[in-house]
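Work through the exercises below with the model open. Try each task before reading its solution.

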Amino acid sequence: MTKNVSSTELQILLLPAFADDDFVSDEALPNEIERWFDAYDFSSEIDVSGANMPVFHTDDGIGITATGMGKSESATTVAAILASPKIDCSNAYFLTVGVAGTTPEVGTLGSVFIADAVVDWDCKQRWAERDDPDDDRTVQLLPYRPRDYVYRLNEALVEDAYDRARDVTLRDSKPVERLRNRYSQPAAREPPSVGVGATLCGDEFWHGKTVAEDAQWLVEQYDAGTYATTEMEEYGTATALDRFGLLHRYLSIRSVVNFDRPHERQTVRESLATDLGKPAVELGMENTFRVGSRVVEGLKKR
């Protein structure tokens, strides 16, 4: 990338998905960017054509912008920033910092996962179970795909981030503890912790045990283990960074704010109706910041 000599050089670019204008809810929920503004002096801003919002930055080269929700939003915003002559990201680290869902087989509310692989949920073939009731799987890989839809992130960078963050004290709360204890899976009932695992990215907000089984099957086809988080932006972000030769400088840090299925005494519709409650979202935002800020301080020393 060739940059203008007057461009602003960033050392780290934080990429939450949504600020106030990017997320609408019946309940007043915090956004993914405000905790970072409370902690860092983002005193300058740069308008970037094609980005979701301005890039705010500190005097020592930490930048932040909300990409917008979904893969097309995140890919467009990141590509616009990387192509802009106003900003030099050639030596920057890129950190998605936000919230996610998880399977109760792997994680719990308030836990934070650092992704080691990003899998695309959307590029596949899928049909309704009622259209083929004899088949126990309703998804298969695209037979004409040009490549597998998975990005494997820089193993050394992921390990370094985990080593720095593994002993971070995570917040917990009684309301969230009551929510997780409705689930029978041992992992779901554990207190929050820091872990590493694949993230499954898709614009479809799917929910329920049957779809989750298809999701896990898809992740396994790409040899990415068991998915730890579900979200809507990472594959778009990773694609843009890969096109600009910067994927090796990317980390995804997400805290869990919902499970991908109802508990045993709940229907899917009931679960969706109570999804993303304020206590879980506030907890997730705080724990993402605790882990993310520890990683940021470590990257500043590299």
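**Exercise 1. A helix pair**

The model is predicted. Determine how α3 passes α9, then describe the contact.

*Solution.*
- Step 1: handedness. The crossing of α3 past α9 is right-handed.
- Step 2: the contact residues. Helix α3 contributes Leu 157, Ala 161, Arg 164 and Ala 165. From α9 come Val 291, Arg 294, Val 295, Gly 298 and Leu 299.
- Step 3: their classes. Six residues of this α3–α9 contact are nonpolar, one is polar and two are charged.
- Step 4: geometry. Two packed helices are described by the angle between their axes and the distance between the axes. Here α3 spans residues 155-165 and α9 spans residues 278-299. Their axes come within 9 Å and cross at roughly 115°.

**Exercise 2. Two single residues**

Is Thr 77 buried or exposed? Is Asp 223 buried or exposed?

*Solution.*
- Step 1: place Thr 77. This residue sits in helix α2, residues 71-83.
- Step 2: apply the cut-off. Buried means under 20% relative accessible area. Thr 77 has 1%, so it is buried.
- Step 3: find the surroundings of Thr 77. Set aside sequence neighbours within four places; the contacts are then Gly 50, Ala 51, Asn 52, Thr 65, Ala 66 and Thr 67.
- Step 4: place Asp 223. It lies in the loop between α6 (209-221) and β13 (227-231).
- Step 5: apply the other cut-off. Exposed means over 50%. Asp 223 reaches 64% relative accessibility, so it counts as exposed.
- Step 6: check the backbone. Asp 223 is not a glycine, yet its phi is positive, at about 55°.

**Exercise 3. The largest pocket**

Which residues are closest to the centre of the largest pocket, and which strands supply at least two lining residues each?

*Solution.*
- Step 1: volume. The largest pocket holds about 430 Å³ of space.
- Step 2: centre. The lining has 27 residues, and Phe 205, Thr 230, Glu 231, Met 232 and Asn 258 are the closest to the centre.
- Step 3: strands. β7 (93-102), β12 (194-201), β13 and β14 (250-259) each supply at least two lining residues.
- Step 4: classes. The lining of the largest pocket divides into 17 nonpolar, four polar and six charged residues.

**Exercise 4. The second largest pocket**

Which element gives the most to the lining of the second largest pocket?

*Solution.*
- Step 1: volume. The second largest pocket has about 310 Å³.
- Step 2: centre. Of its 18 lining residues, Leu 109, Leu 179, Arg 182, Thr 274 and Asp 275 are the closest to its centre.
- Step 3: elements. Both β14 and α9 supply at least two residues. β14 gives the most, with three.
- Step 4: classes. This lining has eight nonpolar, seven polar and three charged residues.

Terms used: Residues are numbered from 1 along each chain as its sequence is written. This is a predicted model: local features need pLDDT of at least 70, side-chain atom pairs count only at pLDDT 80 or more; totals for chains, interfaces and linings use all residues. Side-chain values use heavy atoms; hydrogens and water are left out. Axes are lines fitted to C-alpha atoms, for helices over the stretch in contact, and angles run from 0 to 180 degrees between N-to-C directions. Helices (H or I, at least four residues) and strands (E, at least two) are DSSP runs, numbered from the N terminus. A crossing is left-handed if the near helix is turned anticlockwise from the far one by less than a right angle, and right-handed if clockwise. Contact means heavy atoms within 4.5 Å. Ala, Val, Leu, Ile, Met, Phe, Trp, Tyr, Cys and Pro count as nonpolar, Asp, Glu, Lys and Arg as charged, and the others, Gly among them, as polar. Buried means under 20% relative accessible area, exposed over 50%, partly exposed in between (1.4 Å probe, protein chains only). On a 1 Å grid over the protein atoms alone, a cavity is a set of points where a 1.4 Å probe fits but cannot get out, and a pocket is an open set with protein on both sides within 12 Å along at least five of seven lines; lining residues have an atom within 4 Å of a point. Grid points are joined across faces, edges and corners, and a volume is the space filled by probe spheres set on the points.
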